[in-house]
Amino acid sequence: MKLLRVNMSQLQARWEPVPSSYEQLGGRALIAKMLLDEIPPACDALGPHNKLIFTPGLLGGAGVTTAGRLSVGSKSPLTGGIKETNAGGTAGDTLGKLGIKAIVVEEQVKQGAFYLLHITGDSAELLPADDLRGLGTYATSDRLQERLGADCTVISIGQAGEFLMLGAGICTTGERDQRSNHAARGGLGAVMGNKGLKAIVIDKPVGKTIPFADAELFRKTARAYAQQMINDPKLGTQGSQHLYGTASIVAAVNEMGSLPTRNFSSGNFQQSTELRGEHLRELILTREGKIGTRCMPGCVIACRNQCVDDTGMPIVGTMQFETIALVGSNLEIGNLDDVARLNYMCNDFGLDTIETGAALGIACEAGLVRFGNTEDILSLLSQVGEGTVLGRVIGNGAVVAGRVLGIRRVPAVLGQAMPGYDPRSLKGNGVTYATSPQGADHTAGNAFGARKEVNPLGITGQKELSLKLQIIAAMLDSTGLCLFARPPVIADPQLMVDMLNGIYGWGWTKDDLNRFNRDVLRNELEFNRRAGITPADYRIPEYMREEPLAPHNTVFDVPDSELDTVFETL
Ligand code: SF4
């Protein structure tokens, strides 16, 4: 395998062998080690010393179902700490097939120009891309695929990244006409924009396969893994993930009183039935949109749903639970067509829908626009693409919006907005938000699926549950697996060990895998410590400790002493 180092001040791209210390790393694990080794943790995230890393997980390119996610990592301008955010689509698998361990983007362009990195097989070059300036992610990927081939993968930023907004993410294309796969969190689109990189285009590798140390072991295990998912009642063709996508959990999150509503002031939304996965499916099928599509080839879950408007025109490639929660119930919008329009605009500007939905909730609370008034909210959001002062307030996320608009109730931890689970009624997620080196991020350890094991309203067991889930999340994010594919590897980690040994021949045991997963968190925590982040920076906002949340009237009351000792057994 090889590394591609891209120096944006010298406009050079050069291949390097992979140092031995990085050989057994991929995805989030590689990002944690590389950032710790190669950048000063206290550096300016939007300065020349920060680096932006694109890397497949360790299973990337091998053809394991759902394992083609692309990890993007950097010091986050939003949290001030380490950030790994990942996306589906074809990028992770493509990089894996090409034997590219990582693309490492260094320094920044002079004089604000924009460039495009084009990778074809063994060659890589930077090309001027000022003609793409000001384009959204849809137009950018359309134009580049027209120019360079319909089957190439395009990774790009929209206007939000160009304007260095802290809510900016990075978009990647996926299978067939999939456009909107976003490595959304942590403001890494701003890092890409700051470096002067508008897009990366990777030509489809033809006839490339990765070498296997033990092809038989790999094939046998990968097949068994896929079969377990097909057989799983939640994941298979009759499972809720396939039938309704992630929107399948809207009803359950609302019932448990954790659905962000009216800027996180209630956990129940009266119109939640309008936002349910079942309703989304019905709407799409009635209009002849597509259900059960994939973001990447070979996924056996196929959770995507293509939303179309009432004329049958596609609006977004998939509507996810987090988006429905943050730009739906959180803004008191109880209409899926309206949520889809907001979703489309965020996708096109290259904005994180979680960060942006939280910022818009704050704008509603401040009286800038009214809760539930989609047209006014869309009009405010449209200013992000124009780069007006108000647009920049929204595009810079919840904390900036709260400060500028004088709102104290800001649902964020470590500078990053909370996803679609209020921590007062799902306290395991509160512990994850308040301890993860990634800030408020459900993908770092989501306790929703464990609500029957540990009472979500109680304190007991939350610390242990969060640690367990954070370790599993580190494994998924380092191997490139989709979060939805976790049940088989949680039940039997030997599956993961055998797949890795089949590819690389490392002879790992379950203990080695466990050490590997824990090292990811250790490196990330150490990075944040060196960046000057203290336990006080990770705390759940004070108002959530004092203001009871309807309908259970609970506050987040896990004591600091518990939070401060989550990692003591790491
Ligand atoms: S389950 Fe959904 S998000 Fe995950 S890989 Fe499959 S299509 Fe993509």
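Let me start with the ligand. By class, the shell around it has 7 nonpolar, 1 polar and 2 charged residues. Everything I say today rests on a predicted model. Which residues are around the ligand? They are Thr 66, Arg 294, Cys 295, Met 296, Cys 299, Ile 301, Cys 303, Arg 304, Cys 482 and Phe 484. Of these, Cys 303 is buried, at a relative accessible area of 11%; the cut-off for buried is under 20%.

That brings up the cysteines. How many disulfides does the structure hold? The count is 0. Take Cys 171, which is in no disulfide: the nearest cysteine sulfur belongs to Cys 295 and is 12 Å away. A disulfide would need the two sulfur atoms within 2.5 Å. Cys 171 is also buried, with a relative accessible area of 4%. Cys 295, its nearest cysteine by sulfur, is one of the residues around the ligand.

Now the chain overall. It has 23 helices and 17 strands. The radius of gyration is 22 Å, close to the 25 Å that the globule rule gives for 570 residues, so the chain is as compact as a globular protein of that length. Along the principal axes, the C-alpha trace spans about 55 × 50 × 50 Å. As for burial, 65% of the 570 residues count as buried. On contacts, take those with a separation of 6 or more: 70% of them are between residues 24 or more positions apart.

Next, the N-terminal end, and strand E1, residues 2–7. Is E1 enclosed or open? All 6 of its 6 residues are buried, so E1 is largely enclosed by the rest of the structure. The cover is on both faces: Lys 2, Leu 4 and Val 6 are buried on one side, and Leu 3, Arg 5 and Asn 7 on the other.

Which strands pair with E1? One is E6, residues 100–106, which runs parallel to E1 over 6 bridges. Within that pairing, Val 6 has Val 105 as its bridge partner. The other is E2, residues 12–17, antiparallel to E1, again over 6 bridges. There, Lys 2 is bridged to Pro 17. The hairpin of E1 and E2 has 4 residues between the strands, and in it Leu 11 takes a positive phi near 55 degrees.

From there to a helix. H5 covers residues 188–195, and 8 of its 8 residues are buried. The buried set includes Leu 188, Val 191 and Met 192, as well as Asn 194 and Lys 195. Gly 189, Ala 190 and Gly 193 are in that set too. Just after H5 comes Gly 196, with a positive phi of about 90 degrees.

The last stop is Val 308. Where does it sit? Its place is in strand E14, residues 304–308. The strand's range includes Arg 304, which is among the residues around the ligand. Val 308 is buried, with a relative accessible area of 5%.

What does Val 308 touch, leaving out residues up to four places away in sequence? Its contacts are Arg 287, Gly 289, Met 313, Pro 314, Ile 315 and Asp 337. Ala 340 can be placed relative to Val 308 as well: the two are 32 residues apart in sequence and 8.6 Å apart in space, C-alpha to C-alpha.

Note on methods. Residues are numbered from 1 along each chain as its sequence is written. This is a predicted model: local features need pLDDT of at least 70, side-chain atom pairs count only at pLDDT 80 or more; totals for chains, interfaces and linings use all residues. Side-chain values use heavy atoms; hydrogens and water are left out. Buried means under 20% relative accessible area, exposed over 50%, partly exposed in between (1.4 Å probe, protein chains only). Helices (H or I, at least four residues) and strands (E, at least two) are DSSP runs, numbered from the N terminus. Two strands pair if DSSP finds at least two bridges between them. A residue is near a molecule or strand if one of its heavy atoms lies within 4 Å of it. Ala, Val, Leu, Ile, Met, Phe, Trp, Tyr, Cys and Pro count as nonpolar, Asp, Glu, Lys and Arg as charged, and the others, Gly among them, as polar. The radius of gyration is taken over C-alpha atoms; the globule rule is 2.2 Å times the number of residues to the power 0.38. Contact means heavy atoms within 4.5 Å.
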